[in-house]
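Welcome to this guided tour. Open your viewer, get ready to select residues, and follow along one stop at a time.

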Amino acid sequence: MIKKRCRFLVLPRLCGVSPEQIHSEVGSFGVPEFGTKFVRGMLVDTRPTTFDELIRISGLSHGTDVWLGNAQSLIEAGTVTLQDAICCRDDIMIYLIKQGLPPNPAFKIMETVRKGKALKDPEKWAEYVSLMKEHDVPDWYIKSCEKIKYMFPKAHAAAYVTNAFRIAWFKVHQPLAYYASYFSIRADEFDSECMIFGKEKVKNKMKEIDLAGNSATVKDKNMYAILELVLEMYERGFHFLPMDLYQSDSTKFLVEENGIRPPLNSIPGLGTVAAQGIANARKDGKFMSIDDLKIRSKVGNSVTDLLKSFGCLEGMSQSNQMSLFG
């Protein structure tokens with residue numbers, strides 16, 4: 001059962017989309033530990049199907065010189081499988097004990113390797129190498145140990161993956177709650193101008209950032225991961241509801257029957273303080289006019305202009321004053 005459930009981290013179709021729709025072979029956008037481009041590449045290379053393999057990938061992704069130029073190359077060459085590669089620091093001691101080494105030197109070798117000190121004391125390391133060869137430890141394993149600079153403890157990897165697994169379950173089975181929570185908590189660069197008006201706008205923004213390459217702004221580069229998740233949401237058949245002066249929260253994305261309602265502060269240029277000011281002011285009743293909104297919410301023309309551009313002030317007059325001349 002665990003094997004079957006772990007497949008959603010690799011197979012987008014378990015979220016109801018194809019790789020072509022989301023431009024990715026994996027469906028782990030927005031999943032902690034597995035959502036970055038680097039780790040998504042690891043998922044493609046290793047194709048994990050068990051919880052243990054996810055833990056091993058977490059160990060590889062948090063180590064230094066454990067994956068790139070090391071385990072990755074060994075797996076690609078067919079020398080080892082993910083199950084055999086050194087992934088977490090604990091793997092070394094457990095493996096060496098299974099090979100017949102006494103626990104004490106097995107522990108000391110693990111400590112030396114996980115701190116990146118294998119080659120810093122050549123004389124001591126030569127003793128360890130001799131001991132390992134006496135117990136039939138293969139050359140690839142010893143060389144892999146020598147490349148490592150830092151290793152992640154398995155307990156930490158297990159804790160991280162457990163959390164990621166729970167969140168990924170919501171992504172599959174409670175998608176609207178998942179997306180609303182992610183955008184509210186993690187998506188600091190969410191931009192309603194290019195995200196809430198359909199997937200074509202999202203695709204266009206992604207193309208714009210791709211074409212900019214290294215010259216893209218830091219903001220756009222950070223936004224790209226959010227755009228990937230927004231596109232996935234659209235491709236799964238979900239959408240955003242229009243921004244609304246009274247129904248939109250100040251800072252949180254709200255799940256409603258027909259979709260997700262973006263908050264007021266997701267409008268570019270409309271800050272959280274202004275959004276909260278509007279939310280507090282509307283508690284006392286509807287705004288009689290744009291001027292009334294400005295006075296009660298303590299916002300300026302720039303904020304009301306932004307609200308107008310998103311259709312939040314349609315039908316609202318500028319002032320409470322009535323003209324006697326029509």
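Helices here are DSSP runs of at least four residues, numbered from the N terminus. Keep in mind that you are looking at a predicted model.

**Stop one: Met 223.** Select Met 223, which sits in helix H14. Is Met 223 buried or exposed? Its relative accessibility is 1%, so Met 223 counts as buried, the cut-off being under 20%. Now show what touches it: leaving aside neighbours within four places in sequence, Met 223 is in contact with Glu 189, Asp 191, Cys 194, Met 195 and Lys 205. For a sense of scale, add Tyr 95: the C-alpha atoms of Met 223 and Tyr 95 are 42 Å apart, with the two positions 128 residues apart along the chain.

**Stop two: the largest nonpolar core.** Which helix gives the most to this core? Colour H14, since that is the one, with nine residues. The core as a whole has 49 residues, and Phe 183, Phe 190 and Val 230 are among those with the most contacts inside it. Click on Phe 183 and look past its neighbours within four places in sequence: its contacts include Ile 226, Leu 229 and Met 233. Apart from this core lies another, of 45 residues, including Trp 125 and Phe 165.

**Stop three: helix H9.** Select residues 139-147, where Tyr 141, Ile 142, Ser 144 and Cys 145 are buried. Why are these on the same side of H9? They cover an arc of only 160° around the axis, which puts them there. Finally, show helices H5, H6, H7 and H8, which are among what covers the buried residues of H9.

How values were computed. Residues are numbered from 1 along each chain as its sequence is written. This is a predicted model: local features need pLDDT of at least 70, side-chain atom pairs count only at pLDDT 80 or more; totals for chains, interfaces and linings use all residues. Side-chain values use heavy atoms; hydrogens and water are left out. Buried means under 20% relative accessible area, exposed over 50%, partly exposed in between (1.4 Å probe, protein chains only). Helices (H or I, at least four residues) and strands (E, at least two) are DSSP runs, numbered from the N terminus. The arc is that of the directions from the helix axis to the C-beta atoms. Contact means heavy atoms within 4.5 Å. A nonpolar core is a set of buried Ala, Val, Leu, Ile, Met, Phe, Trp, Tyr and Cys residues joined through side-chain atoms within 4.5 Å.
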